[in-house]
Structure formats: structure tokens, C-alpha cells
Amino acid sequence: MKLYDSRRAPNPRRVRWFMAEKGISDIEIVEVNIFAGEHRTPDYLAKAGLPNVPALELDDGSAITESLAICRYLEALYPEPNLFGRDPKETAVIEMWTRRAEMLLATPLMMTVRHGHPALAALEQQVPEIAEANRAQAERAIKVFDRRLAESPFIAADRLTIADIVAFTGLDFARMVKFQPPESAEHVRRWADGMRQREAASAGV
Ligand SMILES: N[C@@H](CCC(=O)N[C@@H](CS)C(=O)NCC(=O)O)C(=O)O
């Protein structure tokens, strides 16, 4: 298998982090320079279907895109450590928090960067108001996650799951626009410190 990756981009980093947690090292990494438009070439589009990274090319030549779909596929192939849930309830709770992490926090933060950082002007027709509205949404989401992390060591369970990877890679990407959880979000800050110290944190950056 080959993973089409783009270093420092947050969605591919989810997959790289996921692979690192599982100790997956037998997938070839292919760097795609999105700033040079390598994800828009006819070859790449024929493979991936969309001008996005990550994409996982399987040995039969087909490809899976969408970072979370790729992680689910890898979870089935490499079940340990479990990152998506072991029983119906746990799986549903992890899914719930993963969707919240993506919709309430990670996507707004990515939009804040895309519309607010000059480096991303190469990929986006930037609208400052979009950056501001998304930053405000992310600030509201931090409060939701702070309440959750006051009662739980990780976002969805008492161990790291895919929800933590989605939330943290979004949060870390937003350092580009100097987004930080405020001092008052002490539980998010404690969790973020722990995430930063994991060995997997260096994967894909
Ligand atoms: N929902 C997709 C999003 C993929 C995505 O937007 N990837 C970004 C990099 S983080 C990309 O390929 N951007 C290229 C562009 O904007 O032209 C996923 O989770 O994989």
C-alpha cells in the first residue's frame, strides 16, 4: 500500500499519527506537494478522484480517500491498539466525539488557517470574515471539550482514540494563526500537553 501524504497538512497527519500509534511501518509514504499543485495532476486525480490528500492506494490499484475512512480501514487490518471502539456502546461514543471533534473544532480551525494565514492563499480565495467566524466557533468548542476533559482523561474514553487524534491535529495546525486554548481551559491544556508528548506526535510533521 502507498499513502499519499503532505507533511504538516492536518488531514494526512491524522493518518500518520494513527499509523504511529499502531506501529504500522509497512506502508510506503509518497509526499505530495500541494503547494506545487501535485494533487491536481491528471495522474493523481485518476487515482484519488479528488484533489485532496491523504489517499491510500491499495495493492489492487484502487484508492481510499478521507482520512477517517483510511483510519477505519487500517483499524480493520491492524486491530491493536484499538482506536475506534471495542463494543457497540464504546464504538458509538467514540464516533460521537470524533464527529464533534471534526465538526465543532478541527474543521473550524482548519478554515481559520485557510482563510487567515498568508501561506494558504495559494490554495484558498481567502475571506477574512470566514476566518473570524470559524475562530469564534472553535473558541466555543474549546469550552465543550474542556467540560468533557474535566471528567475524562481523553476525549471519548479512558484511553487515546481517534477522537483525540482528530481534535489535536486540528488544534496543533491552528498554531499557525496563533490559536491557543485559553488559560481557563485547563483540562484541554492538560490533555494537549499529554498529546504533544506522545511519540506519535512527531509523525507527519
Ligand atoms: N475530508 C478530507 C479532507 C482532505 C483535505 O482537505 N486535505 C487537504 C490537506 S489537509 C488538501 O488536500 N488540500 C488541498 C487543497 O486545498 O487544494 C479528509 O479528511 O481526508
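Student: In which loop is the place of Pro-81?

Tutor: Pro-81 has its place in the loop between α3 (67–77) and α4; helices (H or I, at least four residues) and strands (E, at least two) are DSSP runs, numbered from the N terminus. The model is predicted: local features need pLDDT of at least 70, side-chain atom pairs count only at pLDDT 80 or more, and totals for chains, interfaces and linings use all residues. Residues are numbered from 1 along each chain as its sequence is written, and side-chain values use heavy atoms, with hydrogens and water left out.

Student: Which peptide bond joins Glu-80 and Pro-81, and what is omega?

Tutor: The bond is cis, with omega about -10°. Another cis peptide bond runs from Val-53 to Pro-54, with omega near 5°. Pro-54 belongs to the loop between α2 (42–48) and β3 (55–57).

Student: Which value does phi of Arg-8 take?

Tutor: Phi of Arg-8 is near 80°, a positive value in a residue other than glycine. Arg-8 is found in the loop between β1 (2–5) and α1.

Student: How should salt bridges be read, and how many are there in the whole structure?

Tutor: Side chains of opposite charge can pair when their charged atoms come close. The criterion is a side-chain nitrogen of Lys or Arg within 4 Å of a carboxyl oxygen of Asp or Glu. By that criterion, a search of the whole structure finds 13 salt bridges. One of them joins the side chains of Glu-102 and Arg-14 (2.9 Å, N to O). Glu-102 lies in helix α4 (residues 88–116) and Arg-14 in helix α1, so this pair ties together parts that are 88 residues apart in sequence.

Student: Which residues surround the ligand most closely?

Tutor: Of the 15 residues around the ligand, the closest are His-39, Val-53, Glu-66, Ser-67 and Arg-114; a residue counts if one of its heavy atoms lies within 4 Å. Helix α1 (residues 10–22) supplies the largest share of this shell, 4 residues.

Student: Which polar side-chain atom lies 2.6 Å from an oxygen atom of the ligand?

Tutor: A polar contact is a pair of N or O atoms within 3.5 Å. The atom in question belongs to Ser-67. Ligand oxygen atoms also lie 3.0 Å from a side-chain N or O atom of Arg-40 and 3.2 Å from one of Asn-52. The protein covers 84% of the 510 Å² of accessible area that the ligand has on its own (Shrake-Rupley method, 1.4 Å probe).

Key
A polar contact is a pair of N or O atoms within 3.5 Å; within protein, one must be able to donate a hydrogen and the other to accept it, and residues adjacent in sequence count only if both atoms are side-chain atoms.
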